[in-house]
Amino acid sequence: MVRKFDVVILGAGAAGMMCAIRAGRRSRSVLLLDHARAPGEKIRISGGGRCNFTNIHASARNFLSANPHFAKSALARFTPRDFLDMMEAHRIAWHEKTLGQLFCDESAKDIIRMLLSEMKAANVVLELQKQITAVEKTPDGFRIVTSDGPVEAGALVVATGGKSIPKMGATGFAYEIARQFGFKIVEPRPALVPLTLDPNLLEKLAPLSGIAAPAEVRHGKTTFREALLFTHRGLSGPSILQISSYWREGDDITLVIEPDLDIAAILRAARKTNGRQAAQTVLAETLPKRLAQFFAESRGLQNTHLADLSDKAIDGLATSIQSWTIRPAGSEGYRTAEVTLGGIDTFELDSKTMQAKAVPGLYFIGECVDVTGWLGGYNFQWAWASGHVCGEAL
Ligand code: FDA
């Protein structure tokens, strides 16, 4: 006998679980299917094990999408405060780290436990390690063919996420379903991802591997002021991950190291007070030593006293540090990307419910939709909010 549910949700990640809770609470019979061994694996590993579960400043301006207005409705109807109410009802302690980013005090697993307990209370049936082989439209709804046989549902919610970190079970399944129904897809690409450099530049920057510094990273009019990290593959750190969502192959980015300081003014002042110092000695008072040495050597100034530097030479050195243009070669790709940019074109969906306009009963939520947040808890907030509004509509 074919099992029947009001709702089948594919993907037991952040969005799928939140949607299941809302729909279950509204007395819908809900089956939540996932091919992974455990639910919410990305929640578990996020934020260094403490999950940056939301951002108190979340608004549509923190998201990239072909339609920047699409996320507004869901974000307004399920806010960071709503998620905090849920956390507090489960006595999960949290703190703000920086820039409005909220983390669990103890462990990301507390959030998974909370969602599982809410699902249990809402009578959601969770089935893991199920392969989904086909999805078909029927006159009454949908038929989902799984490794355990077919299931039927009046409504189908696709919450299988994006392609980031295939090792953790990420697939492009949501895009396949969207294509099957003839929906448009905004070309997916890895985002919030370290950028790589061509071999020549990488060799030049090899001595800097492992160094972090405060920076502002610019791409066109977009800027992010957060830490920058030099790695053995290229550039990483929050500022680079943020800009990677805007960067495209062939584009330059500009690095401003120590953006709160005026390096030229510091060098000039030091030339006046103690001109016998080497430039790199003065730079090393504000920059990591290896970085100071690197910039001085790149300008051939490693043994030059400040007193021997003209204003022009000082400005040139300062510019190399605070207006450093680099053309990344590429990115580390889906292997390390935190999210997938692009996805199901929001034009296909109703922003209040996430339902497909052309196929009633079919919904897409979470990361598979063309709504991608900045680094800092925004992507989970989108998963919670889109899952919530969908669950309320089922
Ligand atoms: P999610 O990917 O969470 O869930 C999709 C589910 O579908 C998975 O359980 C998967 O197994 C399942 N699935 C996929 N294909 C399937 C198939 N073919 N059949 C059956 N099941 C299938 N965001 C943030 O806001 N704060 C943070 O701290 C972090 N940190 C972070 C760290 C790392 C390392 C990564 C990779 C990502 C983050 N993120 C983040 C991003 C965040 O994890 C992400 O945006 C959300 O998990 C998206 O939620 P979804 O439910 O849409 O997809």
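The following dialogue examines how strands, a helix and a cavity are assigned in a predicted model.

Biologist: What conventions apply to the numbering and the model?

Modeller: Residues are numbered from 1 along each chain as its sequence is written, and side-chain values use heavy atoms, with hydrogens and water left out. Because the model is predicted, local features need pLDDT of at least 70 and side-chain atom pairs count only at pLDDT 80 or more, while totals for chains, interfaces and linings use all residues.

Biologist: What makes β1 and β10 a pair of strands?

Modeller: Strands are DSSP runs (E, at least two residues), numbered from the N terminus, and two strands pair if DSSP finds at least two bridges between them. Strand β1 (residues 3–10) and strand β10 (residues 149–158) share 7 bridges and run parallel, so the criterion of at least two is met. Within this pair, F5 has A153 of β10 as its bridge partner.

Biologist: Which other strands pair with β10, and in what sense?

Modeller: Strand β9 (residues 141–146) pairs with β10 in the antiparallel sense over 5 bridges. T146 stands opposite G149 in β10, and the two strands form a hairpin with 2 residues between them. Strand β20 (residues 362–364) pairs with β10 in the parallel sense over 3 bridges, with V158 opposite F364.

Biologist: Why are β17 and β18 called edge strands?

Modeller: An open antiparallel sheet of 7 strands has the order β17-β16-β13-β14-β15-β12-β18. Strands β17 (324–326) and β18 (330–331) each pair on one side only. Strand β12 (residues 195–196) joins β18 antiparallel through 2 bridges, so this pairing satisfies the rule of at least two. L195 has S331 in β18 as its bridge partner.

Biologist: Where does helix α12 lie?

Modeller: Helix α12 (residues 311–322) lies across β16 (253–257) and β17, at about 115° to β16. Contact means heavy atoms within 4.5 Å; axes are lines fitted to C-alpha atoms, for helices over the stretch in contact, and angles run from 0 to 180 degrees between N-to-C directions.

Biologist: How many cavities of 30 Å³ or more are counted, and what lines the largest?

Modeller: The count is 1 cavity of 30 Å³ or more, and the largest holds about 30 Å³ of space. A cavity is a set of points on a 1 Å grid over the protein atoms alone where a 1.4 Å probe fits but cannot get out; lining residues have an atom within 4 Å of a point. The lining comprises A60, F63, S65, N67, P68, F70, A71 and V371.

Biologist: How is the lining divided by residue class?

Modeller: It has 6 nonpolar, 2 polar and no charged residues. Ala, Val, Phe and Pro are among those counted as nonpolar.

Key: On a 1 Å grid over the protein atoms alone, a cavity is a set of points where a 1.4 Å probe fits but cannot get out, and a pocket is an open set with protein on both sides within 12 Å along at least five of seven lines; lining residues have an atom within 4 Å of a point. Grid points are joined across faces, edges and corners, and a volume is the space filled by probe spheres set on the points. Helices (H or I, at least four residues) and strands (E, at least two) are DSSP runs, numbered from the N terminus.
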